[in-house]
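Dear colleague,

Please find below the structure that I am handing over to you. My notes on it follow directly after.

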Amino acid sequence: MEHEIIYDLLPLYHDGVCSEASRRAVEEHLQGCEACRKALADMDAPLPEAEKTAADDAAAVQKISREWRGSKRRAWLKGAAIAVLVCALILGGWHLLTGVYCVPVDTDGIEITALSRLEDGRVMFHLRVTDDKDLRRVSYEYDGAGNLHVVPLRPVLTVSRRADKGLWDSDYITDLAEHNVWNVKYGDGKEATKIYLGRGEDAILLWEEGMELPAASAVDEAHWGYEPGSAEYWALREEN
């Protein structure tokens with residue numbers, strides 16, 4: 001059988017769809033024809049274009065995988081940063097609202113008892129907050145009009161008190177002379193002649209110049225009165 005005929009039969013032989021007679025003829029020819037054997041072998045090799053397409057597809061898949069891993073990592077880092085920022089804002093806001101930013105307690109919710117005057121001239125009173133919330137601190141403020149205000153303060157977000165005693169239920173001693181010395185030197189340079197509890201229109205007058213207050217009890221004098229050393233210290237401070 002001629003070479004060209006066998007060559008034309010090679011695809012059918014390769015796919016196993018030729019007749020038995022053609023198969024025998026092709027195999028007999030292949031024994032002595034190197035060119036046909038090579039042509040048959042080439043039929044099993046992938047096409048160059050297919051190889052290029054497969055390589056391109058593999059490279060594309062790898063690129064997509066790298067980009068996905070990179071975007072996933074960036075998304076995770078971004079999410080972690082946002083979570084940290086949100087936690088910091090929440091904690092910072094909580095700290096500000098529960099510890100830093102304070103507001104005055106309404107004087108309607110405060111009871112004043114044992115208003116008296118110690119022998120050394122200091123004004124004494126007992127303050128009790130009637131609700132179940134605690135105080136953060138008590139501020140002493142001058143208003144520039146000759147008045148000293150004793151202002152109980154609590155945080156904007158106030159927690160319930162956790163102790164039976166505290167600033168919310170305590171004796172307070174106001175040494176007007178001491179406060180005036182400080183205000184003249186470091187404040188607005190004026191001396192106060194009145195002491196109020198709270199600020200604004202709802203402030204409660206505790207004492208003003210010329211007002212007679214009951215004398216403090218012997219127990220309070222023993223507890224709050226100046227010791228000689230302390231009296232000397234404050235006298236020296238007023239002179240300086």
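With which residue does Arg122 form a salt bridge? The partner is Asp120, and the closest N and O atoms of the two are 3.0 Å apart. Please bear in mind throughout that this is a predicted model. The two partners can be described by their accessibility. Arg122 has a relative accessible area of 8% and is therefore buried, since the cut-off for that term is under 20%. Asp120, at 36% relative accessibility, counts as partly exposed.

Further salt bridges

The count of salt bridges in the model comes to 11. Side chains of opposite charge can pair when their charged atoms come close. One of the pairs is Lys194 with Glu208, where the closest N and O atoms are 3.8 Å apart. This pair links distant parts of the chain, as Lys194 belongs to strand S7 and Glu208 to strand S8, 14 residues apart. Lys194 is partly exposed, with a relative accessible area of 27%, and Glu208 likewise counts as partly exposed at 27%.

Salt bridges that share partners also join Glu20, Arg23, Arg24 and Glu27 into one network. Within this network, the side chains of Arg24 and Glu20 meet at 3.6 Å, N to O. Both residues lie in helix H2, which covers residues 20–30, and they are four residues apart, about one turn of the helix. Arg24 is partly exposed at 48% relative accessibility, and Glu20 is partly exposed at 42%.

The nonpolar core

Turning to the interior, the largest nonpolar core has 19 residues. Leu127, Leu135 and Ile195 are the residues with the most contacts inside this core. Two or more core residues are given by each of strand S3 (123–129), strand S5 (147–155), S7 and S8. Strand S3 provides the largest share, namely four residues. Strands S7 and S8 thus appear both here and in the Lys194 to Glu208 pair described above.

Surface patches

Which residues gather in a patch of negative charge on the surface? They are Asp106, Asp108, Glu201 and Asp202. Glu201 is found in the loop between strand S7 (194–197) and strand S8 (204–208). With a relative accessible area of 83%, Glu201 is exposed, because that term applies over 50%.

There is also a nonpolar surface patch of about 400 Å², made by Val100, Tyr101, Val103, Val156 and Leu157. Of these residues, Val100 lies in helix H4, which spans residues 48–100. The relative accessible area of Val100 is 37%, so this residue is classed as partly exposed.

A backbone detail

Finally, I would draw your attention to Ala114, whose phi is near 55°, a positive value in a residue other than glycine. Ala114 lies in strand S2, residues 110–117. At 45% relative accessibility, Ala114 counts as partly exposed.

To recapitulate for your own inspection of the model, three places may serve as starting points: the buried Arg122 with its partner Asp120, the network of Glu20, Arg23, Arg24 and Glu27, and the negative patch that includes Glu201.

With kind regards

Technical notes:
Residues are numbered from 1 along each chain as its sequence is written. This is a predicted model: local features need pLDDT of at least 70, side-chain atom pairs count only at pLDDT 80 or more; totals for chains, interfaces and linings use all residues. Side-chain values use heavy atoms; hydrogens and water are left out. Patches are made of residues with over 30% relative accessible area and no salt bridge: like charges are joined within 9 Å, nonpolar side chains (Val, Leu, Ile, Met, Phe, Trp, Tyr) within 5 Å. Accessible areas come from the Shrake-Rupley method with a 1.4 Å probe; for residues, only the protein chains shown count as cover. A salt bridge is a side-chain nitrogen of Lys or Arg within 4 Å of a carboxyl oxygen of Asp or Glu. Lys and Arg count as positive and Asp and Glu as negative; His and the chain ends are not counted. The place of a charge is taken as NZ of Lys, CZ of Arg, CG of Asp or CD of Glu. Buried means under 20% relative accessible area, exposed over 50%, partly exposed in between (1.4 Å probe, protein chains only). A nonpolar core is a set of buried Ala, Val, Leu, Ile, Met, Phe, Trp, Tyr and Cys residues joined through side-chain atoms within 4.5 Å.
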